[in-house]
Amino acid sequence: PTLTPVPPTPTRTPTPTPILATKKVFVTSTRSNGDLVAFVKTNIDANFTGDGLDAGDFICQTRANAAALGGTWIAWLSSSSSDAKDRIGDYKYLRMDGSLVANGKADLTDGNISNPIEINENGAVITVDPIAWTATTSLGIRRPGTCIDWTSGSFPNGQLGYNSFANAEWTEGGSRSCDNLQNLYCFEQ
């Protein structure tokens, strides 16, 4: 009988775990009611023409610029047609003091974060009414209560998170009337 040579088994190189770029996250030092569009038009740029999510991003970018942070900043907000998790990239997120918040988007949306997002763009801890508008579950998806997609300062309720929490309540802690003043979470991209 003729023996057929068996080809050598290729050596498999393990796939390295990707190293995620590091980005920062903060909670705004300023607060707005649920009408983010009106807040921007009244306090930042009277010619603003975007929607509620654009207004949240504009607020985040303005606060980051005021603190000379550089980069591009996105608000952790959902709307009736958009999930917060789809608005941000897959990065390792750190607070302004360097403490870990999450090792990537999957870690950010698994129900807990490593440290509360309680430090603002200037490096100070938010202690007065530490609550942020989100309309977002701990999975990063939208939930009802967007103050009419962040365009109403009076329509019933907006969903929020508690800045001092690292469990699911950091983003889905409850709701308040849209006329309340709350902070925003801002994620560098």
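Start with the bond between C60 and C186: in this predicted model, their sulfur atoms sit 2.0 Å apart and form a disulfide. The two cysteines come from distant parts of the chain, with C60 in helix α2 (residues 52-66) and C186 in strand β8 (residues 185-188), 126 residues apart. The torsion about the S-S bond of C60 and C186 is about -80°, so this disulfide is left-handed. Are its two ends buried or exposed? C60 has a relative accessibility of 0%, so it counts as buried, and C186, with a relative accessible area of 0%, is buried too.

How many disulfides turn up when the whole structure is searched? There are 2. The other one joins C147 and C178, with the sulfur atoms 2.1 Å apart. This link again connects distant parts of the chain: C147 belongs to helix α4 (residues 147-150), while C178 is in the loop between β7 (174-177) and β8, 31 residues away. Its torsion about the S-S bond is -100°, and the link of C147 and C178 is left-handed. Both C147 and C178 are buried. If you count the bonded cysteines along the chain, the pattern comes out as 1-4, 2-3.

Stay on strand β8 for a moment, and move on to the aromatic rings. A search of the whole structure finds 9 aromatic pairs. Take Y93 and F187: their ring centres are 4.9 Å apart and their planes meet at 85°; planes over 60 degrees apart count as edge-to-face, so that is what this pair is. Y93 lies in strand β3 (residues 92-94) and F187 in strand β8, so the pair ties together parts that are 94 residues apart in sequence. Neither ring belongs to an exposed residue: Y93 counts as buried at 0% relative accessibility, and F187 counts as buried at 0% as well.

Y93 and F187 also belong to a wider group. Which residues make up the aromatic cluster? It consists of W76, Y91, Y93, W170, Y185 and F187. One of these, Y91, has a charged partner: the charged end of K23 sits over the Y91 ring, 5.0 Å from its centre.

Now for helix α1 (residues 36-43). Here L36, V37, F39 and V40 are buried. They cover an arc of only 165° around the axis, which puts them on the same side of α1. What covers them? Among the parts that cover the buried residues of α1 are α2 and α4. You have met both helices already, as α2 carries C60 and α4 carries C147.

Stepping back to the whole chain, you can count 4 helices and 8 strands. Reading from the N terminus, the elements run β-α-α-β-β-β-α-β-α-β-β-β. The radius of gyration is 20 Å, well over the 16 Å that the globule rule gives for 189 residues, so the chain is more spread out than a compact globule. Taken along the principal axes, the C-alpha atoms fill a box of roughly 90 × 35 × 30 Å. Of the 189 residues, 45% count as buried. As for contacts with a separation of 6 or more, 65% of them are between residues 24 or more positions apart.

A few single residues are also worth a look. V125 is in the loop between α3 (105-108) and β5 (131-133). Its relative accessible area is 45%, so V125 is partly exposed. Which residues does V125 touch, leaving aside its neighbours within four places in sequence? V125 is in contact with E118 and I119. For a sense of distance, the C-alpha atoms of V125 and T22 are separated by 21 Å, and the two residues are 103 residues apart along the chain.

Finally, check the backbone. Most residues other than glycine have a negative phi. A68 has a positive value, with phi near 55°, and is not a glycine. A68 is in the loop between α2 and β2 (73-75), and with a relative accessible area of 69%, A68 is exposed. D149 is not a glycine either, and has a positive phi of about 55°. D149 is found in helix α4, and its relative accessible area of 25% makes D149 partly exposed.

Technical notes: Residues numbered from 1 in each chain as written. Predicted model: local features only at pLDDT ≥ 70, side-chain atom pairs only at ≥ 80, totals over all residues. Heavy atoms only, no water. Disulfide = S-S within 2.5 Å. Buried < 20%, exposed > 50% of the residue type's maximum accessible area, 1.4 Å probe, protein only. Phe/Tyr/Trp six-rings, centres within 6.5 Å; stacked < 30°, edge-to-face > 60°. Lys NZ or Arg CZ within 6 Å of the ring centre and 35° of its normal. Arc of directions from axis to C-beta. Contact = heavy atoms within 4.5 Å. Rg over C-alpha atoms; globule rule 2.2 N^0.38 Å.
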